[in-house]
Amino acid sequence: TGWEVTELRDVTVDPLTPGTVYFSHTEGIRKSTDGGDTWRDADHGIDQKYCETLQADRTQKGRVLAGCVN
């Protein structure tokens, strides 16, 4: 995924969108819509990029809850 991705913190899969995976790391959140073949940033609008935990919303596809710290 790149040299800047270190210290993977959490992974979640969107149960309503097959092949969509999210992970958090020390520099933010990344998203794949092709089962992990390619990744892009998915942390736009989040001030605190260090996210310890992620959880995909089971009622709304594409929505992820993130627990971030300073």
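**Note on Tyr50, the disulfide and the four-stranded sheet**

1. A polar contact of 3.5 Å links the side chain of Tyr50 to that of Glu52. This distance, like every other value in this note, comes from a predicted model, and it should be read with that in mind.

2. Tyr50 itself belongs to strand 5, and a second polar contact, of 3.4 Å, connects its side chain with the side chain of Arg9. With a relative accessibility of 24%, Tyr50 is classed as partly exposed, because the buried class is kept for residues under 20% relative accessible area.

3. The surroundings of Tyr50 draw on several parts of the sequence. When neighbours within four places in sequence are left aside, Tyr50 is in contact with Glu7, Arg9, His25 and Thr26, and also with Gly67, Cys68 and Val69. Ile29 may be added as a point of reference, since the C-alpha atoms of Tyr50 and Ile29 are 8.5 Å apart in space while the two residues are 21 residues apart in sequence.

4. Cys68, one of the residues in contact with Tyr50, leads on to the disulfide. The structure holds one such bond, and it joins Cys68 to Cys51 with an S to S distance of 2.1 Å. Cys51 lies in strand 5, which covers residues 50-56, and Cys68 lies in strand 6, which covers residues 64-69, so the bond ties together parts that are 17 residues apart in sequence.

5. Two further details describe this pair of cysteines. The torsion about the S-S bond of Cys51 and Cys68 is about 70 degrees, and the disulfide is therefore right-handed. As for accessibility, Cys51 counts as buried at 1% relative accessibility, whereas Cys68 is partly exposed, with a relative accessible area of 28%.

6. Which strands make up the open sheet, and in what order do they stand? Four strands form it in the order 1-2-3-4, and their pairing is antiparallel. Strand 1 (10-13) and strand 4 (40-41) stand at the edges with a single partner strand each, so one side of each is left without a neighbour in the sheet.

7. Within that sheet, strand 2, made of residues 21-25, pairs with strand 3, made of residues 28-32, in the antiparallel sense and over five bridges. As an example of how residues face one another here, Val21 stands opposite Ser32 in strand 3. Strand 2 also offers a link back to the opening points, because its range of residues 21-25 includes His25, which is among the residues in contact with Tyr50.

Key. Residues numbered from 1 in each chain as written. Predicted model: local features only at pLDDT ≥ 70, side-chain atom pairs only at ≥ 80, totals over all residues. Heavy atoms only, no water. Pairing = 2+ DSSP bridges. Helix = DSSP H or I, 4+ residues; strand = E, 2+ residues; numbered from the N terminus. Disulfide = S-S within 2.5 Å. Buried < 20%, exposed > 50% of the residue type's maximum accessible area, 1.4 Å probe, protein only. Contact = heavy atoms within 4.5 Å. Polar contact = N/O pair within 3.5 Å; in protein donor to acceptor, adjacent residues only side chain to side chain.
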